[in-house]
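Colleague: I would like to learn how to read helix packing and a few other local features from a set of coordinates. Could we take them one at a time?

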Amino acid sequence: MNKTLVTIGAIIILALSGIVLVVIPHFSILRQIDHTNIPPVLSEQAQRGRAVYIDLGCVYCHSQQPRHKNFGPDYLRGWGHQPEAKDYFGQNPHQLGTMRTGPDLFNIGDRNPSLQWHLVHLYQPQLVVPWSIMPAFPFLFEEKTAPEEGDVILKLADMGIERENTVVASQRALDLVVYLRELKQKEKPDED
Amino acid sequence: MFETLLSLSGLSAILTLIGILVVAYIFYNHGMSISNRSGMVIFDGDDQVHSESIDKKTAKRWQHLDESTRGHVIYLLFMATIWLLAGSVAGMIASIKLHHPNFLTQYEFLTFGRVRTFHLNSVAYGWLSLGVIGIATWLLPRLVHASISGSRFIFVGGVLWNIAIAGGLGAILLGFSEGVEWLEMPFWSDLTIAIAGGLIAIPALHSINRSKVRHLYVSVWYILAALLWFPILFLIGNMTKFHQGVEHALVNWWFAHNALGLWFTPMSLGIAYYIIPKAIGRPIYSYSLSFLGFWTLALFYSNVGVHHLIGGPVPNYVVTISIIMSMMMFVPVIAVAVNHHMTAFKHLAIVKEQTALRFIVLGAIMYTLASVQGSLHSLRSLSQITHFTHYTVSHAHLGAYGFASFILFGAAYFVIPKVLQTNWPHRKLISLHFYLAIIGIVIYVVFLGIGGWLQGQKMLDPNAAFMESTLVTIPYLQGRTVGGLLLFIGHAIFFLHFILILLKYKNTMRGKHE
């Protein structure tokens, strides 16, 4: 008697929670999304960059979900308006994040579109942000004595940093930065 | 119309009401018929005050049941300990990186985003999951009064589970993460874990089903339900390809919080519900109350997940449901707290003399603390500060370490000597581990909690640059590393002691054969 009660009860309760937290929202989110107004999809290179973002685990320190104006100063920090479901349309896996060891990146492309800045920042964050506790990603770069044609070179000398070799960005670093630069809120919804 | 109805949160209020009525009904029909005397079943009808001073016949039977589980219980607990060690090394590296960002940056596989993920998956699916399964498969024969038939499948399932985890963790370090918190291991690894879980669950469920015991003790309820919940949750959660965008985030947190609420928590509580009264030798304080705790836990805990998305781009009513349910969690938490703490406090002298029991009693206390904390900071006003900060990490460790791991340590210290029929070689090592664990976790939780709180306040202050929210945490992050180091030393001692008791067992076996 008890076994049956527990078994059936447990399954029903789990199903109920699935219905309440997943199935019903599924439909209400679908209704909410205005399919005529979905932000453009990422370029192919940015999609490769997103894969780099995922495999390095950027999401564990950076969220992509600025809060509403009435719920903290995210908007004042230039992180963008609170997005809606449509802003994440088609994203799999989602990268909303739950941690802000570093700033929110939902609108980073708008805030800082500089290719060089991002490359140097990934190479050694403290060169551009002295207080940063972001790890460096030296393995995304190559040191070359003689850079080849088409290589994207980090302009470290401009920043007063002397390196014996030239530092060149790898394809993954370039993809990642293209992704970051495409992270911008396409249009600002009216909000009071 | 549909929208309005939902956004009024009417749904959540109605659901809560239905939930309470269902619980009231079940409690009225079954809870009342469960007298406190039913809580005596774990003593096998024996009213002896001290648990192990039972008559010889009963003792012999328990010894026989314990020994029947030896193969898989020792294997599962030993492998769990290996994952604990691996996970804590990864955790230490991740922790140091947060205040020394240039530590080990040259190795791609040790970058923060990967070691941190390795840490979580190793301790969650390796240490905690295999650990609670190991203890539960020891517990079930005692509760259903029969050895588990087909326990070989449990062993095979355990081996398969370990292979899957080793593969999954390797994949994470090499950059093949699925990119979803708590669900990072690749699908082939998840599928293998699900199959392994099935191999383990089926003999266990079968032995419960077959049992002729007049009353199934409350621990069986928790374990039975958890064994049903976890495989379903784990499979649905990992079918990531079916979800996208915001909806994926909902599934993500529906799964992740249910992994805590419907897997680690019921398994650990089931274990505590057995070992606390058993080791003390007196039944649980209010046995019928434990059933109210069980049903309300199931109903409310299963719906709290979306409080991880407060302030996020998800429909408001879902968040509200989760917040209400989080507050409702006070009911099962108080029920469990009354039972565990009253039983322990009435017999403090016994608790003091048994280190294994001390681990479990403290684990139960930290369950209460973590749950109260969790309910409170699911409120929008507190979540606004604590969300996105290290405070959450502190809270997670109070739950996963202070509660679940403490119960598991205590249970391992309690169970292993019974299964091997030999005592721990050095009692002082258990004591040392205990003090390292308690001091370590207090440092960890307090430092990171304060640091996270300050971080949240700086982040909410429009006049403070973002930089300030980072800088303010540094000393607390360093403190956390110290706490973590103490815990790690404790794990090393636990591991060493485990090897020593195995060697001792081997020697006694050899002695018997000669």
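Modeller: Yes. Keep in mind that this is a predicted model. Start with two helices of chain B, α9 (residues 245-280) and α10 (residues 287-301), whose axes lie 10 Å apart at an angle of about 170 degrees.

Colleague: Why does that angle make α9(B) roughly antiparallel to α10(B)?

Modeller: Angles over 145 degrees count as roughly antiparallel. With about 170 degrees between them, α9(B) is therefore roughly antiparallel to α10(B). The crossing in which α9(B) passes α10(B) is left-handed.

Colleague: Which residues of α9(B) and α10(B) meet?

Modeller: From α9(B), the residues are B:H257, B:N258, B:G261, B:L262, B:T265, B:L269 and B:Y273; from α10(B), they are B:S290, B:L297, B:A298 and B:Y301. Sorted by class, this contact holds six nonpolar and five polar residues, with no charged ones.

Colleague: At what angle do α14 and α16 of chain B pack?

Modeller: Helix α14 (residues 355-376) and helix α16 (residues 390-420) of chain B pack at about 155 degrees, and their axes are 7 Å apart. The cut-off of 145 degrees applies again, so α14(B) is roughly antiparallel to α16(B). Their crossing is left-handed. The contact has 18 nonpolar residues, seven polar and no charged.

Colleague: Now chain A. How is chain A divided into domains?

Modeller: Domain 1 of chain A covers 1-32, and domain 2 covers 42-182. Taken over C-alpha atoms, the centres of these two domains are separated by 39 Å.

Colleague: How many salt bridges does a search of the whole structure find?

Modeller: The search finds 14 over all chains. One salt bridge pairs A:D175 with A:R48, and the closest N and O atoms are 3.3 Å apart. This pair links distant parts of the chain, since A:D175 sits in helix α6 (residues 171-182) of chain A and A:R48 in helix α2 (residues 44-55), 127 residues apart.

Colleague: And the backbone? Is the peptide bond from A:N92 to A:P93 cis or trans?

Modeller: Read omega for that bond: the value is near -5 degrees, and the bond is cis. A:P93 is located in the loop between α2 and α3 (108-111) of chain A.

Colleague: What is phi of B:W182?

Modeller: Phi of B:W182 is near 75 degrees, which is a positive value in a residue other than glycine. B:W182 belongs to the loop between α6 (151-173) and α7 (187-210) of chain B.

Key:
Residues numbered from 1 in each chain as written. Chains lettered and ligands numbered in written order. Predicted model: local features only at pLDDT ≥ 70, side-chain atom pairs only at ≥ 80, totals over all residues. Heavy atoms only, no water. Axes fitted to C-alpha atoms, helices over the stretch in contact; angles between N-to-C directions. Helix = DSSP H or I, 4+ residues; strand = E, 2+ residues; numbered from the N terminus. Parallel < 35°, antiparallel > 145°, perpendicular 65-115°, else oblique. Left-handed = near helix turned anticlockwise from the far one by under 90°. Contact = heavy atoms within 4.5 Å. Nonpolar A, V, L, I, M, F, W, Y, C, P; charged D, E, K, R; others polar. Domains from an automatic or database assignment. Salt bridge = Lys/Arg side-chain N within 4 Å of Asp/Glu carboxyl O.
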